[in-house]
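The following report describes the strands, helices and selected backbone features of one protein model. Please consult the sequence and the coordinates alongside the text.

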Amino acid sequence: MTPEEKFELIKRNTEEIITEEELKELLKNKKTPAVYLGTAITGRPHMGYFVWVLKLADFLKAGFKVKLLLADLHGALDQTPWDLLEKRYQYYNIIIPNMFEAIGADIKNFEIVKGSDFQKSKDYFYDLLRMSTYASVHDAKKAGSEVVKQAENPKLAGLIYPLMQALDEEYLGVDIQYGGVDQRKIFMFARENLPKIGYRLRTEVMTPLIPGLIGEKMSASKEDSKIDLLDSDEAVRSKLQKAFCPAGIVESNGVLAFLKHVLMVTKHDKSQTFVVKRAEKFGGDVSYLSYAEIEKDFINKKLHPEDLKKAVAEEIIILLKPVKKDLDKTLKIAKEAYP
């Protein structure tokens, strides 16, 4: 794969790259660059996590060393009870690799890192104190405003969170930090503050946040907005049946968004078609090779929302099968982590 091909693969379905020129130079000059995504172990992982699992798989295909930071201490800073951290770490550590298996990713260059394994070192803490002498309260609060839970009487923890996330780039030894566009303010905070304590800035890659099934941001705290990775087949079908998917409307349509950013990406990579089954009186089955074709038919009302939702539900059920292996064991840990 040429540097240009790697760039296009990494860029697909992204919302912003800061900066594209830096990424191109990195791909040209470094044989095995490194990227990381950090996820605070707060809410239960849901279907929306497949967006970043697929993008990390793109980085793997492009020859990157990929690190997934399971940020247990960040979880505590964002209101996860301390006594649940280890259980939630265990749950993430089981469920996320299953998601990579579900999409058929080659994970020989993939590594899971536990935040507290390096974030409690004396060097890390010293750098955290150093950065705190440069970063203002205003800038730290602004950086975390779209990521850290907000309250009328906020805890000091919310100000520490973005400083640690900036330092993670250095201590994980990566060239790129990747995340959702909601991370943008923290990414820019890192680019501004790392050089102040003698470390280089990194390239930042962002993918969009897809709407949930009720037309709002997909959220672990809103049950109807998302499909849990351990939901039963019946629950998947039920949630899709109730999903916000008005005929001809693309905006805030979580069904179409999931098709675009997850299902049709996996279909494209496996050279498979997306099939919508319909009765002959409604035109019979129809197959699609690209998301653009689906969206065009949906806007023109050639594809009915009910038929689309049924087809998406069945694809999700298939996608989740590898995730739900050893289901009894996984459910037990999930219940302990999220009592």
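## Strands S5 and S6

Tyr-178 has Val-205 in S6 as its bridge partner. This pair belongs to a predicted model, in which S5 and S6 run parallel and are joined by 5 bridges. Strand S5 covers residues 176-180 and strand S6 covers residues 203-207. Together with H10, the two strands S5 and S6 form a β-α-β unit of right-handed sense.

Helix H10, made of residues 184-193, lies across S1, S5 and S6, and its direction is at about 180 degrees to that of S6. Of the 5 residues of S5, 5 are buried, so S5 is largely enclosed by the rest of the structure. S5 is also joined to S2 by 2 bridges, and these two strands run parallel. In that pairing, Val-35 has Ile-176 of S5 as its bridge partner.

## The sheet as a whole

The strands belong to an open sheet of 6 strands, arranged in the order S1-S6-S5-S2-S3-S4 and with mixed pairing. S1 and S4 occupy the edges; each has a single partner strand, so one side of each is left without a neighbour in the sheet. On average, and with direction ignored, neighbouring strands of this sheet are turned by 20 degrees against each other.

As background, strands of a sheet pair through backbone hydrogen bonds, in either a parallel or an antiparallel manner.

## Strands S2, S3 and S4

S2 spans residues 34-40, and its pairing with S3 is parallel, with 7 bridges. Two residue pairs illustrate this part of the sheet: Tyr-36 stands opposite Lys-67 of S3, and Thr-39 stands opposite Leu-70 of S3. S2 and S3 are also the strands of a right-handed β-α-β unit, whose helix is H3, residues 50-61.

S3 runs parallel to S4, which comprises residues 110-114, and 5 bridges join the two. Val-66 has Phe-110 in S4 as its bridge partner. Is S3 largely enclosed or open to the surroundings? Strand S3 consists of residues 65-71, and 6 of these 7 residues are buried, so the strand is largely enclosed by the rest of the structure. The cut-off behind this reasoning is a relative accessible area under 20%.

## Packing of H3 against H12

The helix of the S2-H3-S3 unit also packs against H12, residues 254-269. The angle between H3 and H12 is about 35 degrees, and their axes are 9 Å apart. The crossing of these two helices is left-handed.

Which residues make up the contact of H3 with H12? On the H3 side they are Phe-50, Val-51, Leu-54 and Lys-61, and they meet His-261, Val-262, Val-265, Thr-266 and Asp-269 of H12. By class, the residues of this contact comprise 5 nonpolar, 2 polar and 2 charged.

## Leu-27 in helix H2

Leu-27 is located in helix H2, which covers residues 20-29. With a relative accessibility of 6%, Leu-27 counts as buried, because the cut-off for that class is under 20%. Apart from its neighbours within four places in sequence, Leu-27 is in contact with Pro-3, Lys-6, Phe-7, Ile-10 and Phe-64. Leu-27 and Ala-135 are separated by 108 residues in sequence and by 31 Å in space, taken from C-alpha to C-alpha.

## Backbone features in loops

The peptide bond joining Ile-18 and Thr-19 is cis, with omega about -5 degrees. Thr-19 is placed in the loop between strand S1, residues 16-18, and helix H2.

Two residues other than glycine have a positive phi: for Asn-13 the value is near 60 degrees, and for Lys-301 the value is also near 60 degrees. Asn-13 lies in the loop between S1 and helix H1, residues 3-11. Lys-301 lies in the loop between helix H13, residues 291-299, and helix H14, residues 305-320.

Are these two residues buried or exposed? Asn-13 is partly exposed, with a relative accessible area of 27%. Lys-301 has a relative accessible area of 62% and is exposed, because the cut-off for that class is over 50%.

Terms used: Residues are numbered from 1 along each chain as its sequence is written. This is a predicted model: local features need pLDDT of at least 70, side-chain atom pairs count only at pLDDT 80 or more; totals for chains, interfaces and linings use all residues. Side-chain values use heavy atoms; hydrogens and water are left out. Helices (H or I, at least four residues) and strands (E, at least two) are DSSP runs, numbered from the N terminus. Buried means under 20% relative accessible area, exposed over 50%, partly exposed in between (1.4 Å probe, protein chains only). Two strands pair if DSSP finds at least two bridges between them. A crossover is right-handed if, with the strands pointing away from the viewer, the path from the first strand over the helix to the second runs clockwise. Axes are lines fitted to C-alpha atoms, for helices over the stretch in contact, and angles run from 0 to 180 degrees between N-to-C directions. A crossing is left-handed if the near helix is turned anticlockwise from the far one by less than a right angle, and right-handed if clockwise. Contact means heavy atoms within 4.5 Å. Ala, Val, Leu, Ile, Met, Phe, Trp, Tyr, Cys and Pro count as nonpolar, Asp, Glu, Lys and Arg as charged, and the others, Gly among them, as polar.
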